[in-house]
Amino acid sequence: MVWLILIGAGAMETVWAAALEASHQFSRVGPTVLFLVALALSMVGLGHALQSLPLGTAYAVWTGIGAVGAAVYGMAVLHDPVTFARIVCLLLIVAGVVGLRVIA
């Protein structure tokens, strides 16, 4: 169950990153509120995971999910460049997250 919470917290990191970009430096109310809610949920989830998982594992998984999610969002929605090297690097991050789950 703690892993599902950690995955959800990582997903919320992706949401708050996207909402932060959409807030236009906190000048738009809707995205700013979404940013604050997603940020709080992400931190609460990470905090909960830290009660059962080592700091390095939990933080790396949380950050990895958020980073990959934000990069995929950027490519899919914001038209960030999609390159072979970028995809390979994102897959390496995913492999690291899966590897930490397997050994934890």
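Two residues are in contact here when heavy atoms of theirs lie within 4.5 Å. In this predicted model, that criterion gives S42 a set of partners made up of A9, M12, E13, W16 and W62, once residues up to four places away in sequence are set aside. S42 itself is placed in helix α2, and with a relative accessible area of 0% it is buried, because the cut-off for that class is under 20%. Besides these contacts, the side chain of S42 is joined to the side chain of W62 by a polar contact of 2.8 Å.

Several of these partners lead to helix α1. Taking 1.5 Å a residue, the 21 residues of α1 should span 30 Å, and the separation of its end C-alpha atoms, 30 Å, agrees with that expectation. The residues of α1 that are buried are V2, W3, L6, A9, G10, E13, T14, W16, A18 and A19, and the buried residues of this helix pack against α2, α3 and α4. A9 illustrates this packing at the level of one residue: leaving out residues up to four places away in sequence, A9 touches S42, G45, L46 and W62.

A9 also belongs to the largest nonpolar core, which has 11 residues in all, namely V2, W3, L6, A9, L46, A49, L53, A58, V61, W62 and V97. Each of α1, α2 and α3 supplies at least two residues of this core, and the largest share, four residues, comes from α1. V97, another member of the core, is found in helix α4, where its relative accessibility of 16% makes it count as buried. Apart from neighbours within four places in sequence, V97 is in contact with A60, V61, G64 and I65. The C-alpha atoms of V97 and L50, by comparison, are separated by 16 Å, and the two residues lie 47 residues apart along the chain.

What aromatic pairs does a search of the whole structure find? The search yields three of them. In one, the rings of W16 and F35 have centres 5.9 Å apart and planes at 80°, and the pair is therefore edge-to-face, since planes over 60 degrees apart fall in that class. Because W16 lies in helix α1 (residues 2-22) and F35 in helix α2 (residues 29-49), this pair ties together parts that are 19 residues apart in sequence. Both partners are shielded by the same criterion of burial: W16 counts as buried at 18% relative accessibility, and F35 is buried with a relative accessible area of 9%. Another pair, Y59 with W62, is tilted, with 5.6 Å from centre to centre and 40° between the planes. Y59 and W62 are three residues apart in helix α3 (residues 55-76), so about one helical turn separates them. In general, an α-helix has 3.6 residues a turn, so residues three or four places apart point the same way. Even so, the two partners fall in separate accessibility classes, for Y59 is partly exposed at 46%, whereas W62 counts as buried at 5%. W16 and F35 are also joined with F26 in one aromatic cluster.The loop between α1 and α2 holds two residues whose backbone angles deserve a look. H24, which follows α1 and has its place in that loop, shows a positive phi of about 50° although it is not a glycine. H24 is partly exposed, with a relative accessible area of 46%. Q25 is found in the loop between α1 and α2 as well, and its phi, near 60°, is again a positive value in a residue other than glycine. Q25 is exposed, its relative accessible area being 76%.

A last stop is the loop between α3 and α4 (84-103), in which T83 lies. T83 is partly exposed, with a relative accessible area of 39%, and its side chain reaches the backbone nitrogen of R86 at 3.1 Å.

Methods. Residues numbered from 1 in each chain as written. Predicted model: local features only at pLDDT ≥ 70, side-chain atom pairs only at ≥ 80, totals over all residues. Heavy atoms only, no water. Phe/Tyr/Trp six-rings, centres within 6.5 Å; stacked < 30°, edge-to-face > 60°. Buried < 20%, exposed > 50% of the residue type's maximum accessible area, 1.4 Å probe, protein only. Polar contact = N/O pair within 3.5 Å; in protein donor to acceptor, adjacent residues only side chain to side chain. Expected span 1.5 Å × (residues − 1). Core = buried A, V, L, I, M, F, W, Y, C linked by side-chain atoms within 4.5 Å.
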